[in-house]
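Grab a pencil and try each exercise before you read its solution. Take the steps one at a time.

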Amino acid sequence: NFLQGRKAMALSSDEQLRMTGVDFSFVTSIFCPLLHRSLNDYDVSIRSFAASALGHLQGSDWESIFKVLCVSEGKTKHETNYFYSLLEVCENRRISSRGDKSANVRSMACKAIGNICTTCISKSETSSKKGEEYAILPESQVVEVCKDVSEVMLHCMLDTTAQVRSMALFAIGNLALAVKERESDNLMIPLSTTRSLCISVYKCLDDKNEKVIGNAIRTIGHLVSILYDQVTPQQAEACAQEMTELCRKVACKLTCKINHAINDATNESTKLTWKQRSNAKRHAWGACNSLKSLFGCSYARKKENQEAFSNALSELIRCVELIQILNEKIVISALSTLTSIPPMTWHYFGGKNVLGNGLAVCINIMYRDNNKESNVKPILIGEIRAMLLSLVNLATEADFYNCFASDDLSASMVEFLYCWMVDQKLEARIYSTVSSVFQRQSDLGDKVEMYIVQKFSSRALHEHKKENQEFTNSSDCIEGEDEL
C-alpha cells in the first residue's frame, strides 16, 4: 500500500513538490530485498503481493536497481536484479524450473512486468532538476530487457490459465507502447521477435476468454505500430507477403469485433446478455483504436488488402452514423481513427462509395444538430465537423455524387452544407466541384432546387475572383520588394 500510494503521489505535481528532498533509498535497500525473498515464500498470497508491489516501484528505484546489475562476481543477473527475478516468476513451474505453480502469482508478475516496462523504457519520468523528460534505462539495457521480456511472454501467452494469458498480453502491450513512445532511431526489438509476437497475439484474438481477447486487441495495435515502423526497405522486400497477409488478417478480425457491437446495437444479432454486450462494446472500442495503427502502415496499401480495409472504413463510418444508439466510447474511437487517416489513404481504400457515404453521414448529423433534432454532445459534433472538413477537401465529383444520391440526404441538408462551407471559407474549387455534380448528373435534378445549385455556382465564381485578387496582390508585393 505504501509503494502504491507513493507512486500515486508522484503523479501529482503538488505532491511532487512536497516529496522533493525526501530520501527514499530505504525502498531499494530494505523493502526490495524483503519483496525479493517473498517471491519464494510458501504462501501464495504473499508471493502475489510481493510481485504486485514490485510493479509499483518508481523509476528512481529501478534506476538504482539496474545500476548494480551483475556487479557481484559469480552471480547471475537473476540473483542481483529484482526485475529478472520477477520475470522468472511469470512462467509456469511445470514448464520452467524457475517459474511459479500458482496462476495468480504468475498473472500478478506479468502485470508487474508490464508496469515496469512503462516506467523504465518510455520517456515518461520527469527529472526533479529541470522538469524535462528522460528515460530510466539506457538503450543498451532496453534492448536486453525487450529481448528477455518478449521471450518469457511468448511462453506466458500459451499458459493454460486465461488470467495469465491476459496479463502477458498486457505486459507485451505496455512494452510495445513504451518502445514506440521512446522514439528511438535504433531497433529496440528485433524484427523477427516482433513478428513472432504479432502472430502469437493475433491467435489470442480468438481466445475463449473475453479479457484475453480485450488485451489482445489493445496489444496488436501497439505491436503493429512498431512492427511496420521498424521495417527497412530490404527487410520489407524479404517478408512482404507475410507482412501483407498479417495486416489483412488483423484488419478483418478487428472489423468483425466492431461489426459485432453494431449488430447488437441495431438488434440485428441474437440478443446478448449484459456481460456479453459489455464485452462486445469494449472489444469494438479497442478495435477502433487499433485500426488506427493499421491504416498508417504501408502494407495496408497493398492491392490485395484493399477490400479488407474498405470494409474496415465502412464499419468505422457506420459507428459514426449510429451515434445516437452506439456506445459513446466506440463512436469517439471511430472518429479518432477516421480523422487520423491520411488523405491519400481515403481514396486508396475508399472503394466506390465509402468517402461519399462518410460525407452524407457527417452532413446528416450536423444538420440535425443544427436544427436541435438530436442530443449529440458538443465534443462529438466538434470531431464530426473536423471529419467533414477533411472529407469535403478530399472529395471528387464522384464522391459528392454518391453523397447527394443518398436517400438520407434531403434538399435542406444540401443547402445547410452550402451555408456551412461558406462559414468555413473553403476554396473555389470545392464549390465548383459541387456545382458540376448537379449540372452533369440529371438524376439529382429532382432532389435539389435550382436556386441551391446556383448558389454553389455563384460562390465558386466569387471565391475564384477573390483568390485571383489575393494572388495578384501577393505578386505586386513581391515585385515591389525586388525594386527596393
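**Exercise 1.** Are Tyr418 and Tyr431 buried or exposed?

*Solution.* Keep in mind that you're looking at a predicted model.
Step 1: the cut-off for buried is under 20% relative accessible area.
Step 2: Tyr418 and Tyr431 are both buried.

**Exercise 2.** Work out how the rings of Phe404 and Phe438 are arranged, then do it again for Tyr418 and Tyr431.

*Solution.* Step 1: two things describe a pair of aromatic rings, namely the distance of the centres and the angle of the planes.
Step 2: a search of the whole structure turns up 9 aromatic pairs. In one of them, Phe404 and Phe438 sit 4.7 Å centre to centre with 25° between the planes, and the pair is stacked.
Step 3: find them on the chain. Phe404 belongs to helix α21 (residues 397-404) and Phe438 to helix α23 (residues 428-440), so to speak of sequence, they are 34 residues apart and the pair links distant parts of the chain. Phe404 and Phe438 are both buried.
Step 4: now the tyrosines. The ring centres of Tyr418 and Tyr431 are 6.2 Å apart and the planes stand at 70°, so this pair is edge-to-face. The cut-off you need here is over 60 degrees.
Step 5: Tyr418 is in helix α22 (residues 411-424) and Tyr431 is in helix α23, so the pair ties together parts 13 residues apart in sequence.
Step 6: zoom out. Ring pairs join Phe400, Phe404, Tyr418, Tyr431, Phe438 and Phe456 into a cluster.

**Exercise 3.** Which residues does Ala261 touch, leaving out those up to four places away in sequence?

*Solution.* Step 1: look in helix α14 (residues 240-265), where you'll find Ala261.
Step 2: check the accessibility. Ala261 has a relative accessible area of 6%, so it is buried.
Step 3: list the contacts. They are Ala280, Ala284, Leu326 and Ile330.
Step 4: pick out Ile330. Its C-alpha is 9.1 Å from that of Ala261, though the two are 69 residues apart along the chain.

**Exercise 4.** Compare the span of helix α16 with the expected one, then see what covers the helix.

*Solution.* Step 1: helix α16 (residues 306-321) has 16 residues.
Step 2: from first C-alpha to last, helix α16 reaches 22 Å, close to the 22 Å expected at 1.5 Å a residue.
Step 3: look for its buried residues, among them Phe309, Leu313, Leu316 and Ile317.
Step 4: the cover over the buried residues of α16 includes α14, α15 (274-295), α17 (328-340), α18 (343-349), α19 (354-370) and α20 (378-394).

**Exercise 5.** Which element gives the most residues to the lining of the second largest pocket?

*Solution.* Step 1: this pocket has a volume of about 600 Å³.
Step 2: 28 residues line the second largest pocket, and the closest to its centre are Arg218, Gly221, His222, Asn289 and Ser290.
Step 3: the elements giving two or more residues to the lining are α10 (162-182), α12 (210-230) and α15.
Step 4: α12 gives the most, with 12 residues.

**Exercise 6.** Describe the phi angles and surroundings of Glu183 and Lys372.

*Solution.* Step 1: most residues other than glycine have a negative phi.
Step 2: Glu183 has a positive phi, near 55°, and Lys372 has a positive one of about 60°.
Step 3: Glu183 is in the loop between α10 and α11 (191-204), while Lys372 is in the loop between α19 and α20.
Step 4: Glu183 has 68% relative accessibility, so it counts as exposed. Lys372 has 75%, so it counts as exposed too.

Note on methods: Residues numbered from 1 in each chain as written. Predicted model: local features only at pLDDT ≥ 70, side-chain atom pairs only at ≥ 80, totals over all residues. Heavy atoms only, no water. Phe/Tyr/Trp six-rings, centres within 6.5 Å; stacked < 30°, edge-to-face > 60°. Helix = DSSP H or I, 4+ residues; strand = E, 2+ residues; numbered from the N terminus. Buried < 20%, exposed > 50% of the residue type's maximum accessible area, 1.4 Å probe, protein only. Contact = heavy atoms within 4.5 Å. Expected span 1.5 Å × (residues − 1). 1 Å grid on protein atoms, 1.4 Å probe; cavity = no way out; pocket = protein on both sides within 12 Å on 5 of 7 lines; lining within 4 Å. Points joined across faces, edges and corners; volume = space filled by probe spheres on them.
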